[in-house]
Amino acid sequence: MTTSFGRVFLLWGAGLGAAAQYAKVSVIFDQLPDLYPEAGAWLGWAVSLVGLVGIIFGVAAGFLVARLRYKRALIWALWLGAGISALQGLGLPLWGFLTLRAIEGLSHLGLVVAAPTLIAQLSAPQHRGFTLTLWGTFFGVAFAVLTWGGLPMVAAYGVTSLFWAHGLYMAVLAVILTFSLQVLPENTPITRFSLRQFIKDHVAIYRSPRVAAAGMGWLFYTFCFVSVLTVMPPFLAPEYRAIVMGAMPLASIVSSMTLGVYLLRSMSAVDVVVLGFGSSLAVMGWLWVSPGHAWACLALAATLGLIQGASFAAVPQLNDSAATQAQANGAMAQMGNLGNALGTPVIVAGLLWLGYAALPIFVGTALALGLCTHLVLARLRNT
């Protein structure tokens, strides 16, 4: 089998569009009051509604995408995302905007479940470490692109221009991928969906030490990564705060694509994830004794990068069929959204209670739990 790198990069491009469904609102969040001056606290839902859908329907997405077939689900998700962004560009009232954000969560789930499953199918076994590590960079890259390119566009043409640009991007990818993926066979039969079967399947995922493994580790990774990026800035010296915060996502991506890919040649993906959790835990000890140390922050981002890429690479290593891979990716979507939703509020509450010590204590605990979870699941797989 040969790897279709062109199609892999196109699917990674779809991942950038999925990440931009978060980033397009996050990077202009401070400007949303100009559009909705009377919204008040309701604006907080503008970001989180997309994740809320993922928490509730993440596993369902894994099963439904398998039943709808991966190519079809991916294309539908792209067109849905394109249409929603176009509507958001019309400057709707707040209730309309928030409703669209909730529906957009369905598009996001379809993309983050179908795309990595298709990437695994298109990749030769010796290349899956690289291609799925590449996929794991989609959030960091999208946020960087929209920060560096999107904000200047917003400054020149207004907030709604970002929504229009995102909609156009998704539509163009939908057209390209419709033709590019025609050569792929559809091996998964379409079956009827039932609530009883859904509940049964949902339980089956989290009882399986193979299907659930990547998602369970991903819960603790997302709890840490987003919360650290959110709460760390005040503890950094003002003279290098912006540099460090801008470099942390890049350090994570570079680590994932270089050291992470290298390690995957000789180690299993789960072992790389365990190494990432263990080394991140050690770096949190450094940050405890040296609060806000710039190099410690970059080291933490780099060690977390090992978890980032290897977690996606673990899915096809632990699950042979496309259907179980889609289920595992659905669990990752669900657990990732749960981790993102819990991390920042929990850490902020801890900071109010314990001060800076809450950061290494809470994040360190989450990292230790992620490490132990993978070790326990590995033991269950071997018994």
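Trp-45 is partly exposed in this predicted model. Its relative accessibility is 38%, and because the partly exposed class covers values between the limits of under 20% for buried and over 50% for exposed, Trp-45 is assigned to that class. The residue lies in helix α3.

Trp-45 also contributes to a nonpolar surface patch of about 750 Å². The other residues that make this patch are Trp-42, Leu-52, Ile-56, Phe-57, Leu-80, Ile-103 and Leu-106. Two helices, α3 (45-68) and α5 (94-122), each supply at least two residues of the patch. Of the contributing elements, α3 gives the most, with 4 residues.

The largest pocket encloses about 1,400 Å³ of space. Its lining is formed by 46 residues, and those nearest the pocket centre are Ser-26, Phe-139, Phe-143, Val-226 and Asn-340. Two or more lining residues come from each of α1 (5-26), α3, α5, α7 (138-157), α10 (213-231), α11 (241-264), α13 (294-318) and α14 (322-354). Helix α7 provides the largest share of the lining, 8 residues. By residue class, the lining of the largest pocket comprises 28 nonpolar and 18 polar residues, with no charged residues.

Helices α3 and α5 each supply at least two residues of the nonpolar patch, and both are also among the elements that give two or more residues to the lining of the largest pocket.

Methods. Residues numbered from 1 in each chain as written. Predicted model: local features only at pLDDT ≥ 70, side-chain atom pairs only at ≥ 80, totals over all residues. Heavy atoms only, no water. Patch = residues over 30% accessible without salt bridge, like charges linked within 9 Å, V, L, I, M, F, W, Y side chains within 5 Å. Areas by Shrake-Rupley, 256 points an atom, 1.4 Å probe, with all protein chains shown as cover. Salt bridge = Lys/Arg side-chain N within 4 Å of Asp/Glu carboxyl O. Buried < 20%, exposed > 50% of the residue type's maximum accessible area, 1.4 Å probe, protein only. 1 Å grid on protein atoms, 1.4 Å probe; cavity = no way out; pocket = protein on both sides within 12 Å on 5 of 7 lines; lining within 4 Å. Points joined across faces, edges and corners; volume = space filled by probe spheres on them. Nonpolar A, V, L, I, M, F, W, Y, C, P; charged D, E, K, R; others polar.
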